[in-house]
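Let's work through a few exercises together, one step at a time. Keep the sequence and the 3D view at hand as you go.

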Amino acid sequence: MTGRARLRHLRGLRLPTRAMRTRLLLFVSVTLVVVCAAMALTTALFQRAYLMGDLDDRVTNAAERSLGGASVHPEPAGDLAFLHERGHPAGMVAARLDGDGNILSAAVVNQDATTRDLSAAQRTALTGLRADGSQHTRSVPGLGTYRVTVLESDGVRVLTGLPMGDVQNMISRLVVVEAAVAGIGVAVAGCVCAVVIRRQLRPLGRVAATAAEVSRAPLGHGEITGLTRVPARDTDPDSEAGQVGAALNHLLDHVESSLTERQRSEEQMRRSEERMRRFLADASHELRTPLASIAGYAELMNRGTDRIEPVLAWRRVSAESARMTGLVEDLLLLARLDEGRPLHSGEVDLAGLVAEAVWDARASGGGHDWQLELSLESPALVNGDETRLHQVVANLLANARMHTPAGTRVVASVESTDAHCVIRVRDDGPGIPPSLLPTVFERFTRADTSRSRADAKSGGSGLGLAIAAAITGAHGGRIRVESVPGRTEFTIELPAVTDSGAEERAASGKPAAVV
C-alpha cells in the first residue's frame, strides 16, 4: 500500500467517526429545540387559557354589575348612568341594546373615570351579539381587542366588554422570555453535548487507529504473531465503544488463530506430503522385496533343480506371496475404513476375544512372558465386528512382541463398566521414543526409519497401529498410548452393550460370554 493510498485509508477510517459526531450533535440539538418549543408552546397556551378564563370572569362580573345598574334606571332605554358609578375599570366599554340587539348608546370608561361615547364605527364592531351571556372577542377601532358579553334581565339588555391588551402583552412577553431562555439553554446544552460526544467517541478513534495499524501488518506471509490489540481501557463491555473495541479484539484473536491454524495446516500438509512420499517409497520397497524374492526363486527354478531344492523354493515363494498379500490387504482395509464402509456388527465378548489373542501371541512369540488379566464388573460385551476387533488386539500384541526384547512381560487386560469396555496392553520394554509418540498411529510410522532391514520379520510395515486406530474409531471407540522407559500401555475404550441388549439376550437364552 502506497503512502497516498494509506492516507486515504486512514481518512476513510476517521470520516465515519466525524460523521457520527456531527449526526449525534445535530440530533441532540434538534431534539432540544423541539422539546423547548413544545414546552414553550404548552406553557403559553396554558397561561393564555388561564388569563382568558380570568378575563372572562371579570367580564362577566362587570356585565352583571352593569346590568344591575341599568335595571335600576330602565328608562330611558339609552341611559348609561350606571357607568358613572365608582369601581369600573378603565377601558371598559358598555352599551344599551334594544329588543332587536341594536345599540342604543355606547361609551368607554376613560382613565380619569369619565366616559366617552363610541363612534359609529366602534358601535358597528360591537353589533350582532346575542344576549346569551357567552364571551366574544371583538376588535374595536381605536380601542383595540375586547372581550365582550351581552346580558338581559327584565327586558333590559346591556353589553359589557374589557380590553384584552394586558392579556396579549403578558402572553407576548412570556413567549419572548421563553424563547430567550430556550435559545440560551439549547446553546449551552449543545456546547456541553459537543464536549461530551467528543470525549465519548475518543475510544472509537483509538479503535480505528488500532484497525489501521493491523491493516498494515503483513498478513499474507510470514509468521503472524503479536497483532496490535485495542487497549484494555477501550474494551469496557458496559459502553458501546468498549463493546466495539472488545469485538475488534475478538476478531483479531480469531484472525490470528485462523492464520496460525492455516500455517499449521500448511505445515501439516507439507508433512503429509512428505509422509506420502515416504509411504510410496516404503510401499514400493515392501512390495518390491517379496517380488524380487519370488522372481529370484523362479529364476533359480528355471535354471534347474540342481541349484535349489524345489520344495524350498516353493516354500519361499509362498511366504513372500503371503507377505505381499498381507500388505495389500492392510492397505485395502484402511481405504475401506477411510470411505466409511460399514463393518459387520454383532455382539462380541471381549474377554474371550482377548484370551484367544493372548494364546495366539504366546504360540508365535514364546520368548515373551504373556499374561491375561480380567477385571469384570459385568460381561464385557460390545457391538462390533469380531474379526476386526481381534485384529486390533492381535496388532497390539504383535507390536509388543516385535519391538521388545525376549523375556519382556506383556499383559493384556479387560475391564468393563456399565458404559464402556476397556482393553489394555502393556509391557515393561524400552518404550516408544518421545519423538514418535505424536505420530505413532499414523500410517507407515516405524521406529526404524531405514528401509534396509535384516529380514522380513525384523520390523513391521508401519500399518499395524494405524489399522488398530481406524478399526477402533469405526466402532465408536478411541485408542491412546502412554509410554515411558520400562512401561508402555495401549488403552482401547469401546461402548458397552446397553442393558436392553442384555435383557434381549437373556430372554432369547443366549449365553452372556464364552471364555
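**Exercise 1: The largest nonpolar core**

Among the 42 residues of the largest nonpolar core, Leu350, Val354 and Leu397 touch the most other members. This is a predicted model, so treat it as such throughout.

Task: Find which helices and strands each supply at least two residues of this core, and list what leucine 397 touches.

Solution:
- Step 1. Start with the helices: H6 (310–339), H7 (350–364), H8 (386–402) and H9 (464–474) each supply at least two residues of the core.
- Step 2. Add the strands: S10 (409–416), S11 (420–427), S12 (478–484) and S13 (487–495) each do so as well.
- Step 3. Now turn to leucine 397. Leaving aside residues up to four places away in sequence, its partners are Ala357, Val358, Ala361, Trp370, Val410, Ala412 and Val425.
- Step 4. Look for a second core. A separate one has 22 residues, including Met52, Leu80, Ala107 and Val156.

**Exercise 2: A cavity**

Task: State how many cavities of 30 Å³ or more there are, and say which residues line the largest cavity.

Solution:
- Step 1. The count is 1 cavity of 30 Å³ or more.
- Step 2. The largest cavity has a volume of about 40 Å³.
- Step 3. Its lining is made of Leu350, Leu389, Val392, Val393, Ile423, Thr472, Ile492 and Leu494.
- Step 4. Sort the lining by element: H8 and S13 are the ones that give two or more residues. H8 provides the largest share, with 3 residues.

**Exercise 3: Looking for disulfides**

Task: Find how many disulfides the whole structure has, and explain why cysteine 191 is not bonded to its closest cysteine sulfur.

Solution:
- Step 1. Recall the chemistry: a disulfide covalently joins the sulfur atoms of two cysteines.
- Step 2. A search of the whole structure gives 0 disulfides.
- Step 3. For cysteine 191, the closest cysteine sulfur belongs to cysteine 193 and is 9.4 Å away, so the two are too far apart for a bond. The cut-off for a disulfide is 2.5 Å.
- Step 4. Check the surroundings too. Cysteine 191 is exposed, at 53% relative accessible area, while cysteine 36 is partly exposed, at 22%.

**Exercise 4: Partners across the sequence**

Task: For leucine 26 and glycine 68, name the helix, then decide whether each is buried, partly exposed or exposed.

Solution:
- Step 1. Leucine 26 lies in helix H1, and glycine 68 is also placed in H1, which covers residues 3–72.
- Step 2. Leucine 26 has a relative accessibility of 55% and therefore counts as exposed, since the cut-off is over 50%.
- Step 3. Glycine 68, with a relative accessible area of 36%, is partly exposed.
- Step 4. Compare sequence with space. The C-alpha atoms of leucine 26 and glycine 190 are separated by 8.7 Å, although these residues are 164 apart along the chain. Glycine 68 and phenylalanine 82 are 14 residues apart in sequence, with 8.5 Å from C-alpha to C-alpha.

**Exercise 5: Confidence**

Task: Give the mean pLDDT of the protein chain and look at two stretches where the pLDDT is below 50.

Solution:
- Step 1. The mean pLDDT is 80, and 86% of the residues reach 70 or more.
- Step 2. In residues 10–17 the pLDDT is below 50, and this stretch has 5 contacts beyond near neighbours in sequence.
- Step 3. In residues 501–515 the pLDDT is also below 50, and that stretch has 14 such contacts.

Terms used
Residues numbered from 1 in each chain as written. Predicted model: local features only at pLDDT ≥ 70, side-chain atom pairs only at ≥ 80, totals over all residues. Heavy atoms only, no water. Buried < 20%, exposed > 50% of the residue type's maximum accessible area, 1.4 Å probe, protein only. Core = buried A, V, L, I, M, F, W, Y, C linked by side-chain atoms within 4.5 Å. Helix = DSSP H or I, 4+ residues; strand = E, 2+ residues; numbered from the N terminus. Contact = heavy atoms within 4.5 Å. pLDDT = per-residue confidence, 0-100. 1 Å grid on protein atoms, 1.4 Å probe; cavity = no way out; pocket = protein on both sides within 12 Å on 5 of 7 lines; lining within 4 Å. Points joined across faces, edges and corners; volume = space filled by probe spheres on them.
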